[in-house]
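Got your viewer open? Load the model, switch to cartoon view and keep the selection box handy.

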Amino acid sequence: MKVIKEGRKQKGWAREYTCTGSGNGGGGCDAVLLVEQDDLFETYSSARGEIDYFVTFKCCQCGVLTDINPSH
């Protein structure tokens with residue numbers, strides 16, 4: 001990805017994460033990404049009547065979803 005024209009300054013926090021595919025079957029490309037607060041969304045998994053929620057981002061290089069632990 002290349003920046004053609006610089007955009008606005010980021011809003012909210014940002015942190016580096018690696019695209020691993022964790023929680024989504026693996027297959028991440030290992031790109032190190034600056035993930036902003038607005039890049040995160042909630043996903044869920046349900047089994048046997050129980051629902052688990054996850055905080056997830058989509059890699060801008062390969063498109064794989066990676067779950068993160070928001071407390072880290």
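This tour goes through a sheet and then two pockets.

First, some ground rules. You are looking at a predicted model, in which local features need pLDDT of at least 70, side-chain atom pairs count only at pLDDT 80 or more, and totals for chains, interfaces and linings use all residues. Residues are numbered from 1 along each chain as its sequence is written, and side-chain values use heavy atoms, with hydrogens and water left out.

**Stop 1: the sheet.** Select 41-47 and 65-68, which are β3 and β5, the edge strands that each pair on one side only. Add β4 (50-58), and you have an open sheet of three strands in the order β3-β4-β5, with antiparallel pairing. On average, neighbouring strands here are turned by 50° against each other, direction ignored. (That angle is taken between lines fitted to C-alpha atoms, on a scale from 0 to 180 degrees between N-to-C directions.) Strands are DSSP runs of E with at least two residues, numbered from the N terminus, and two of them pair if DSSP finds at least two bridges between them.

**Stop 2: along the bridges.** Seven bridges hold the antiparallel pair β3 and β4; pick Ser 45 and you'll find its bridge partner, Asp 52, in β4. Now show Arg 48: in the hairpin of β3 and β4, with two residues between the strands, Arg 48 takes a positive phi near 55°. On the other side, β4 and β5 are joined by four bridges. Click Lys 58 and look across to Leu 65 in β5, which stands opposite.

**Stop 3: the largest pocket.** Keep Lys 58 selected and add Met 1, Leu 33, Leu 34, Val 35, Asp 39, Phe 57, Cys 59, Cys 60 and Gln 61 to see the lining. A pocket here is an open set of points on a 1 Å grid over the protein atoms alone, where a 1.4 Å probe fits, with protein on both sides within 12 Å along at least five of seven lines; lining residues have an atom within 4 Å of a point. The space inside is about 260 Å³, counted as what probe spheres set on the points fill. Which strand gives the most to this lining? β2 does, with three residues. Colour by class and you get seven nonpolar, one polar and two charged residues.

**Stop 4: the second largest pocket.** Select Val 3, Glu 6, Gly 7, Arg 8, Lys 9, Leu 34 and Glu 36. They line about 190 Å³ of space. By class, that's two nonpolar, one polar and four charged residues, with Gly counted as polar.
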